[in-house]
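I opened a new notebook page for this chain. The entries below follow the order in which I looked things up.

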Amino acid sequence: MIRSYNNRLGRFLFLPVVVPFCNRGRRRLTTTSSSIIPTAHQTSEELLVVVGGGAAGIYGAIRAKTLAPHLGVLVVEKGKPLSKVKISGGGRCNVTNGHCDDQVVLAEHYPRGNKELRGSFFNIHGPTDTMSWFSNHGVPLKTEDDGRVFPVSNSSSSIIDCLMLEAKRTGVLLQTGKVVTKASTTTSQKFRIKIEKRTVDLVEYVEADYLMIASGSSQQGYSLAVQLGHSIVDPVPSLFTFKTEDRQLTELSGVMVGPMLVTHWGLSGPAILRLSAWGARELFRTLFVDFIPDTHIEDAKSILLHHKDKFAKQKVLNSYPPEFGLVKRFWKYVLEREELDGDTLWASISNNSLMSVASLLKQCSLGVKGKGQFKDEFVTAGGVPLSEISLNTMESKIQPHLFFAGEVLNVDGVTGGFNFQNAWSGGYIAGTSIGKLALDASLMKEAM
């Protein structure tokens with residue numbers, strides 16, 4: 001059977017299949033183009049189809065439905081809705097960042113999009129607006145010292161439940177386990193959308209007045225964008241950890257050096273993730289790390305010389321400058337890198353060796369052999385170019401009534417709630433634009 005959404009009835013119409021056929025023993029359901037079920041002109045209402053049930057898609061769907069209650073809104077999600085929201089922030093959901101409400105400062109946290117987002121994007125719906133929305137919908141939030149905003153409950157379920165309840169309350173329909181595989185425009189300037197069920201060989205066709213692609217980094221969204229005339233900036237991982245070739249360093253797994261964490265495979269932590277975001281398109285072969293960034297190299301040399309004079313009779317492994325803020329395990333690694341015996345007395349260490357130690361601490365070279373995916377908050381750089389989108393409406397400059405929001409665009413932020421804020425802002429703006437268009441269309445029909 002083929003199903004077509006009927007918004008007036010709030011359900012799906014089931015019509016007989018015209019051309020069934022068998023494929024490898026399974027029955028595939030399809031139809032000829034002449035029997036595509038026209039949705040929009042069957043009723044006085046219009047239909048919005050949202051591809052993707054993530055943060056941007058659900059938020060945008062709610063906004064559109066809130067502004068235009070008569071608008072039919074259908075969200076199609078291939079997996080579980082809001083799955084990324086669930087795992088973000090270690091299961092707490094880093095909703096946004098509360099320390100960056102100025103749009104210029106906020107835009108600086110986006111390696112891709114930092115220039116374009118300095119306009120009206122965050123002014124229309126920024127972090128303060130996001131926090132107010134969730135607070136007004138029954139989710140109290142808290143801002144931590146580093147600016148990250150979490151629900152007071154410390155559970156992403158609070159955010160998910162809030163969004164799902166609001167979607168249900170406003171009348172947004174959600175279908176999961178389905179993939180939108182094709183999209184084209186009709187002669188009446190509507191969207192002819194092909195939907196396939198993942199677990200059953202079933203094809204559905206829907207005709208929509210508006211289409212919002214908010215499918216994250218899924219190939220599905222990129223494919224649909226290309227089908228509708230857009231180009232794609234090749235997607236690459238962002239926010240990833242580094243795999244290093246230094247086995248001695250990886251033996252220090254768990255050691256934190258400032259904002260950098262040594263792991264059993266290499267390097268992680270806030271500093272590494274931010275660096276990987278800005279250099280997402282370059283696979284580093286050699287990484288230079290400054291382990292004492294607050295200390296000038298000349299001051300580092302003086303500190304070492306002073307320590308040598310003061311603790312001449314102590315072993316270099318057991319006594320080291322506290323000014324550097326290093327743990328003993330890491331100090332041992334530094335000595336081994338410089339081929340210095342930890343049992344040697346400070347008095348026996350040459351000044352040249354101390355200068356080498358200072359240089360290593362300020363510019364330690366590490367071989368990088370690849371990227372390690374940061375699974376909990378994996379982000380992709382690339383997607384639909386922002387030059388092809390009107391950021392004040394999120395509408396395509398190529399295809400009218402086509403909208404984009406979230407990670408499907410060539411926008412990505414550093415850690416700290418910035419990627420979700422891109423989703424909330426884009427979804428809200430797209431939903432607002434669609435809702436207003438639907439209202440205008442309704443008023444025109446009433447006037448006729």
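**Entry 1: valine 95.** The model is a predicted one. I began with the contacts of valine 95, leaving out residues up to four places away in sequence. Valine 95 touches Thr130, Phe134, Leu141, Val149, Pro151, Ile159, Gly417, Phe420, Gln421 and Trp424. I then looked up where valine 95 sits, and found it in the loop between H2 and strand E7 (96-97). Is valine 95 buried or exposed? Valine 95 has a relative accessible area of 0%, so I noted it as buried. For one of the contacts, proline 151, I also looked up the spacing: valine 95 and proline 151 are 56 residues apart in sequence, and their C-alpha atoms are 7.7 Å apart in space.

**Entry 2: the chain as a whole.** I stepped back to the totals. The chain has 448 residues, and 53% of them are buried. Its secondary structure comes to 13 helices and 25 strands. Of the contacts with a separation of 6 or more, 72% are between residues 24 or more positions apart.

**Entry 3: helix H6.** Ile159, on the contact list of valine 95, is also among the buried residues of H6, so I went to that helix next. H6 covers residues 156-170, 15 residues in total. From its first C-alpha to its last I read 22 Å, close to the 21 Å expected at 1.5 Å a residue. Which residues of H6 are buried? They are Ser156, Ile159, Ile160, Cys162, Leu163, Glu166, Ala167 and Thr170. These residues cover an arc of only 160° around the axis, which puts them on the same side of H6. I noted the general reason for such a pattern: an α-helix has 3.6 residues a turn, so residues three or four places apart point the same way. Leu165, Lys168 and Arg169 are exposed, on the other side of H6.

I then asked what covers the buried residues of H6. The cover includes four helices that I list by name, H1 (55-67), H2 (83-87), H5 (127-136) and H13 (418-447). It also includes the strands E8 (141-143) and E9 (148-151). Just after H6, glycine 171 takes a positive phi of about 100°.

**Entry 4: threonine 432.** H13 was part of the cover of H6, and I picked one residue from H13, threonine 432. Threonine 432 has 12% relative accessibility, so it counts as buried. Not counting residues up to four places away in sequence, threonine 432 touches Arg63 and Leu67.

**Entry 5: helix H10.** I ran the length check on H10 (residues 297-310) as well. Its 14 residues should span 20 Å at 1.5 Å a residue, and the end C-alpha atoms are 20 Å apart, which agrees. The buried residues I listed for H10 are Ala300, Lys301, Ile303, Leu304, His307 and Lys308. Seen down the axis, they fall within an arc of 160°, so they line one face of H10. The face turned away from that buried side carries the exposed residues Asp309 and Lys310. Helix H11 (328-337) and helix H12 (351-362) are among the elements that cover the buried residues of H10.

**Entry 6: the cavity.** How many cavities of 30 Å³ or more does a search of the whole structure find? The search finds one. The volume of the largest cavity is about 40 Å³. Its lining is made of Val316, Trp331, Leu335, Leu340, Trp346, Ile349, Leu354 and Val357. H11 and H12 are the elements that give two or more residues to this lining. By class I counted eight nonpolar, no polar and no charged residues in the lining of the largest cavity.

**Entry 7: the pocket.** The largest pocket has a volume of about 790 Å³. It is lined by 44 residues, and the closest to its centre are Gly54, Lys84, Gly216, Ser217 and Glu407. The lining divides into 16 nonpolar, 19 polar and nine charged residues. H1, strand E6 (72-77), H2 and H13 each supply at least two residues of this lining.

**Entry 8: aspartate 102.** My last lookup was aspartate 102, in the loop between E7 and helix H3 (103-107). At 40% relative accessibility, aspartate 102 counts as partly exposed. Aspartate 102 and arginine 118 are 16 residues apart along the chain, and their C-alpha atoms are separated by 9.2 Å.

Definitions and conventions: Residues are numbered from 1 along each chain as its sequence is written. This is a predicted model: local features need pLDDT of at least 70, side-chain atom pairs count only at pLDDT 80 or more; totals for chains, interfaces and linings use all residues. Side-chain values use heavy atoms; hydrogens and water are left out. The expected span of a helix is 1.5 Å times one less than its number of residues. Buried means under 20% relative accessible area, exposed over 50%, partly exposed in between (1.4 Å probe, protein chains only). The arc is that of the directions from the helix axis to the C-beta atoms. Contact means heavy atoms within 4.5 Å. On a 1 Å grid over the protein atoms alone, a cavity is a set of points where a 1.4 Å probe fits but cannot get out, and a pocket is an open set with protein on both sides within 12 Å along at least five of seven lines; lining residues have an atom within 4 Å of a point. Grid points are joined across faces, edges and corners, and a volume is the space filled by probe spheres set on the points. Ala, Val, Leu, Ile, Met, Phe, Trp, Tyr, Cys and Pro count as nonpolar, Asp, Glu, Lys and Arg as charged, and the others, Gly among them, as polar.
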